[in-house]
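Student: I am new to this structure and would like a close look at one part of it. Could you take me to the end of a helix and then show me how that part sits in the rest of the chain?

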Amino acid sequence: MSLFTTISDLSRSVGKARFALTLSGLLLQAGLAGAQDTPTYQTPPKALADLVTMPPTPTVSLSDKGDVMVILEQASAPGIAELAQPELKLAGLRMNPANNGPSRMRYITGLKIKKLNAREETPVTGLPASALISYVQWSPDYSKIAFANSTDERIDLYVADVATAKATKVGSAALNATMGIPFRWLSDSRALIVKTVPAGRGNTPEMSRVPAGPTTQANIGGKRGQAPTYQDLLKSPSDEKQFAYYTTAQVVRLSLDGQATPIGQPGIIASADPSPDGKYVMIETVHTPFSYLVPVYRFPLRTDVYASTGALIKTLNDGPLQESVPYSPDGAPTGPREFAWRADAPASVYYTVAQDNGDPKVKADVRDKVFLVEAPFSGQPREIYAAQYRFEGFEWGNETMALATERWWQTRKMLTRTVNPTSWQAATLFDRSYEDRYSNPGQPDTRHNQYGREVLNLLANNEILMLNGQGASPEGDRPFVSLLNLKTKQTRELWRSAAPYFERPVAVLDAARQVILTTRETPDENPNYFVRNLKARIAPVQVTAFPHPYPQLKGVQKQQLRYKRADGVDLTATLYLPAGYKKEQGPLPTFLWAYPAEFKSKDAAGQVSGSPYQFNRISYWGAAAFVTMGYAILDNASIPIVGEGDKEPNDTYVEQLVSSAKAAIDEGVRLGVVDSSRVGVGGHSYGAFMTANLLSHSKLFKAGIARSGAYNRTLTPFGFQNEQRTYWQAPEVYNTMSPFMNADKVKTPILLVHGEADNNTGTFPIQSERYYNALKSFGVTSKLVLLPYESHGYTAKESLLHMLWEMNGWLEAYVKNPKPATAAGQAGKVGGGK
């Protein structure tokens, strides 16, 4: 019953005087009930707001020849009006029905061409006004750059010539990007394979409000199937029609002069990928029956090979609907999957087939087999590889060398094998735990071959491979470049980042001469690009000069902390202190920010991550921004949840969680910078879940801030995060770990923030709504803020500014200047840093 209905009823039954008294009382009650609601978007103090409104630092893309880079100027946070544009949420996709593209995208607004041996940066001309650029791709010969430009009505294809820095629109058909990347270059660099909006596709299907009947789902025969809590699924026949209409595309071969040759018929094109030699196109098409239980990537999928002239050559597979894939990182669909071109051959397709029905609980010596079929695709596929674990993929090199990777989540095992693509003999190169960052040998250097495909950059008769890696070590991350002998398995380090810099290899410009491109930074110097000659051992040459993104924050102090948990596990955190702060000023109010992670090994859980020499990235997203407000920040405090051997990490989740948080606070107190009586805690997503649990099971904090979390694990009954047991297998774990089930234990003020359009698996907005209602029923000082149109990560400028305003106000009221919290009083008075 609304307030106005109440007033109308009262006016008919009581006198004027009594009605006036009742009306004033009702309005007063309505005002108190809505006191927690902020009617408009708010702005935080300038030091916080500047982090949202400042222009982002550009990114770069380097040609394979190493002589030219493209500087990509990034768009600032969009306005809320952009997020409020029409949006369809169908089959796990979010689409803009007005222009047939994704509805959420961070765009590039400008392109510049820069030669590495010159200072000048040449802006690309011919761009449309107010350009919104995406899907930037070099041509195979690196003479051109293709990109899409989005408008309110359509998406167009442009190609820029690198030599002249001039862009031109190609073709007249609009692109269809609803199902991902809408174009790919052919190997001759003179044409592209493009997904377009079909000509004459007709009007949008009518949305009838009168159903023809009920929507039903059935499991006839009782087949087992565990589905995670996917969002944005199809819900009705009307949804199916809308989904099919907007995702249907026509694949064409589009030459640079605008001539278009259709390939196949219009369909729901998941991908259209030309063969390395450009003679064929592999097209994957989604078709009915659709599902209301799983998203589009589990729908039936047909894989066809066409000639680039348009004729169908071969249907390689027509896979069924996959509604019963085991919900596990080690689970896989049944039947052939993951069709792809072999990168080092003209036209060969390989694919994977699970040998255990995709079920990790089935015992099997071989989990996956890989098969290859070559042009003209008339012969029988042949087995080329048998994987002990789940097959991750090949990194192709040439006719005698490739690398194959396998992974098994349950044991954290990772195998890397050398494979001879002539004999298909394989030998183990690395057998390691991927949790162990210290033993990571690095990533192999790659180059583009004559087809424009990325392959291993093999040296010395295919025996030597250059590697680069993050270089995790007990001293922190120290990126490196090394040479690996594939026969002896011995490595030789060529270079490693050293203090006082954090320098990271980005690309190998000349493997034979050992010339690389790096980014270099210090805590006060933002990253810029340098050319470094590893043989000459001379000072690196700087090639970009991006300015400091927030010079007003120079001087913020940063320290990498290392300490132990009560059970002996090593922990780390990054400590930020305000510019100019001195320990003699006394300990500071503190904000701890974290995201728990599961491990199967205490040694791996205790490994150091990050570097004390990295640039102080004071982002608006986490906790570091609040160093500007006078807080000590314990950022990325490690919260390892360890389950060694047969033990599951989450069986002792709460104990490990609280112990890790206490250890971080104790270390800050030992250093004399943390006031243990004034500590707040926060996190996003699984970090929000952590925050609510810490407030349920400890008295370490004065307040909590939980953004876009899940709080009732019975709503994710088939597993969550890395928990693979179902609710029915481990009900006590689900209940103990669910903050909703423990709402009666919370005595600490908590701010809940959630995007109204959250599409992340498991974090429905109802998670925050129901948790807030539970907290309110127990009189907990709390506030719920729902951000319109925002998904799991927030993007609109207004939303980000308001988020910081809410967070700042909560910390001010309950951490920096704590007062006795009451159920009704204080929550309604807190909003932000006015």
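Tutor: Here is a walk that begins with one lysine and its helix, then widens to a few loops and the whole chain. Please keep in mind that this is a predicted model.

Let us start at Lys 816, which belongs to helix H11. That helix covers residues 797-816. Is Lys 816 buried or exposed? Its relative accessible area is 19%, and buried means under 20%, so Lys 816 counts as buried. Its side chain has a polar partner in the side chain of Glu 812, at 3.3 Å. Setting aside residues up to four places away in sequence, Lys 816 also touches Pro 589, Met 629, Tyr 631, Arg 678 and Leu 811.

Helix H11 has another neighbour to meet. The buried residues of helix H3 pack against H11. H3 runs over residues 46-53, and its buried residues are Leu 48, Ala 49, Asp 50, Leu 51 and Val 52.

Now for some loops, beginning with Asp 436. This residue lies between strand S26 (426-433) and strand S27 (443-444). With a relative accessible area of 24%, Asp 436 is partly exposed. Its side chain makes a polar contact of 3.1 Å with the side chain of Ser 439. Beyond residues up to four places away in sequence, Asp 436 touches Ala 604 and Gln 607. Ala 605 is 169 residues from Asp 436 in sequence, yet their C-alpha atoms are 8.5 Å apart in space.

Gly 335 makes a useful companion to that example. You will find Gly 335 in the loop between strand S18 (312-319) and strand S19 (336-341), partly exposed at 28% relative accessible area. Its contacts, leaving aside neighbours within four places in sequence, are Thr 352, Val 353 and Ala 354. From Gly 335 to Ser 611 there are 276 residues in sequence and 44 Å in space, C-alpha to C-alpha.

Some loops also have backbone details to look for. Thr 288 and Pro 289 are joined by a cis peptide bond, with omega about 5 degrees, and Pro 289 sits in the loop between strands S16 (280-286) and S17 (301-307). Another cis peptide bond links Ala 499 to Pro 500, with omega about 10 degrees; Pro 500 is in the loop between S33 (491-496) and S34 (502-510).

Two residues that are not glycine have a positive phi: Asp 232, near 60 degrees, and Lys 489, about 65 degrees. Asp 232, in the loop between strand S13 (191-196) and helix H5 (237-247), counts as buried at 11% relative accessibility. Lys 489, in the loop between strand S32 (480-485) and S33, is partly exposed at 43%.

Finally, step back to the whole chain. It contains eleven helices and 47 strands, and 53% of its 834 residues count as buried. For 834 residues, a compact globule would have a radius of gyration near 28 Å, and the chain agrees with that at 29 Å. Its C-alpha trace spans about 90 × 70 × 60 Å along the principal axes. Of the contacts between residues at least 6 apart in sequence, 59% join residues at least 24 apart. The chain exposes about 36600 Å², with carbon and sulfur atoms supplying 51% of that area.

Conventions. Residues are numbered from 1 along each chain as its sequence is written. This is a predicted model: local features need pLDDT of at least 70, side-chain atom pairs count only at pLDDT 80 or more; totals for chains, interfaces and linings use all residues. Side-chain values use heavy atoms; hydrogens and water are left out. Helices (H or I, at least four residues) and strands (E, at least two) are DSSP runs, numbered from the N terminus. The radius of gyration is taken over C-alpha atoms; the globule rule is 2.2 Å times the number of residues to the power 0.38. Buried means under 20% relative accessible area, exposed over 50%, partly exposed in between (1.4 Å probe, protein chains only). Contact means heavy atoms within 4.5 Å. Accessible areas come from the Shrake-Rupley method with a 1.4 Å probe; for residues, only the protein chains shown count as cover. A polar contact is a pair of N or O atoms within 3.5 Å; within protein, one must be able to donate a hydrogen and the other to accept it, and residues adjacent in sequence count only if both atoms are side-chain atoms.
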